[in-house]
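Me: Let us go through this model by question and answer. Please show the sequence and structure before we begin.

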Amino acid sequence: MDAARSSARGVSTELAGALLPSLPRSARSARTKKPALATQLDLAVSTPDADVARLRAQVRESTRNVPGVYLMRGAHGEVLYVGKSTQVRTRLLSYFRLPWPEHRHARLLRETARIEWEPLPSEFAALLREVRLIRAHLPRYNVRSARPLDKWWVITIAKGPAPRLRIQKASAAARSRDGAQMVGPFASRRPLQDALRVLNDALGLRDCSDRVRMHMHDVAELFEDTHPAMQRTPGCHRHETKRCLGPCVGATSAYEYRTQLSRARAVLEGRDDAPQQQLVREMAAASAALSYERAGWLRDRLTSLQELEAQLARVREALTRPSFVYAVPGRDTDDRLYLVRHGRVMAEARCRDPHAVNALQEMEQRAVQPPTGAMVEQLDELLLVESWFRGRNGETALTADTVVGALEKLAVHLRERLPLSLGELP
């Protein structure tokens, strides 16, 4: 048996030796070596520069210079950045000329696996689409470019056992997912700080950090007040000076704190001026007692609340404006109608779609409850509408109270533009 095996092995060796000489020396050496790991796994190894070059070639080939929005997605499909432009192709190609790694958009390209773009009929349509995409995806690279929110401040009322009034950038508040109510917008932060300090002192609301743990009086705890060493001490002097209800030391119940928070909300909505009236009474008492220094201090605090109320009145006026219909001429005759109510775009319709126009008319006739006070839900759209019509008399001329009126104004506008377009032809 062993002899048969050895003879078979010898025959195999002879056959291999007879075949190998017929192959080139390089092929014989390749057969004797193990393949590289990349060859075994059949991996397509690439470099960041090659990926950027591939993206640039795709942009040059597939995009056009029309209004629209674009999304840059990462390797896992997440949206890294949302942008808009009236010339999408030019804007996207400009990113590939930015210095790397100095410019953040050049760094963004190194993280981008895919670029998507959506053509739109007008700049207004692109702006509206950009705002809604940013709100939906909260892209990481839109932190410093969430136009036009970065220019404004808001007061937010978050959730939790003892919510506090907080001042935030409008862009940060819009990106937050904690469901906080927003009051605003406001152009400056400093007046808000002074007014909220006075309001918190008057109503006993906390102004400490969110990291401070709250202990409500009506929430039972294990080993509560069993030893003096376990008793809590206030984190600041406001509770000791009777300007805070002390939720951090269990000095108030959740019901009492919520009651005062409701009063603060009523002040911000313009339904309660009790803090101002209290300051007026204290100022009169201080003047009668010849305590002029205290009377001046109380006067400054009253002025802060009055300035806040003046700003809130302007916000409430913007939110309660009557609705109107905005007609926008579009690219390739894609003209559209937008129903704007209380500073927000409620619905839109293509003018060439009769069913969509009829649906917009039906929605126009429905009654809509205006926002309460200065509370807003979609601040980004409010600021977009405000900034778009500010200083644009030509756009205001395309607005009307009804859908029919907007269509008539659009028809007049297109008839006036037609001779100009014909005159531009060679």
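**Helix α11, an open sheet and the chain**

Me: Which residue follows α11 with a positive phi?

Reply: This is a predicted model, in which local features need pLDDT of at least 70, side-chain atom pairs count only at pLDDT 80 or more, and totals for chains, interfaces and linings use all residues. Residues are numbered from 1 along each chain as its sequence is written, and side-chain values use heavy atoms, with hydrogens and water left out. Helices (H or I, at least four residues) and strands (E, at least two) are DSSP runs, numbered from the N terminus. The residue after α11 with a positive phi, near 60°, is L290.

Me: How far apart are the end C-alpha atoms of α11?

Reply: Helix α11 covers residues 274-288, 15 in number. The expected span is 1.5 Å times one less than the number of residues. That gives 21 Å, and the model agrees, because the end C-alpha atoms are separated by 21 Å.

Me: Within what arc do the buried residues of α11 fall?

Reply: Buried (under 20% relative accessible area, 1.4 Å probe, protein chains only; exposed is over 50%, partly exposed in between) applies in α11 to P275, Q276, L279 and A286. Seen down the axis, with directions taken from the axis to the C-beta atoms, these residues line one face of the helix, because they fall within an arc of 95°.

Me: Which helices do the buried residues of α11 pack against?

Reply: Contact means heavy atoms within 4.5 Å. By that criterion the partners of the buried residues of α11 are α9 (190-203), α10 (254-268) and α12 (292-319).

Me: Which residues does S287 contact, leaving aside its neighbours within four places in sequence?

Reply: S287 lies in helix α11 and is partly exposed, at 32% relative accessible area. With those neighbours set aside, its contacts are Y292 and A295.

Me: Which strands stand at the edges of the open sheet?

Reply: Strands pair if DSSP finds at least two bridges between them. Three strands form the sheet in the order β2-β1-β3, with antiparallel pairing. Each edge strand has a single partner, so one side of it is left without a neighbour in the sheet; these are β2 (79-85) and β3 (114-119).

Me: Which residue in β3 stands opposite Y70?

Reply: Strand β1 (residues 68-73) runs antiparallel to β3 and is joined to it by six bridges. Opposite Y70 stands W117.

Me: What share of the chain is buried?

Reply: The chain has 16 helices and eleven strands. Of its 426 residues, the buried share is 38%.
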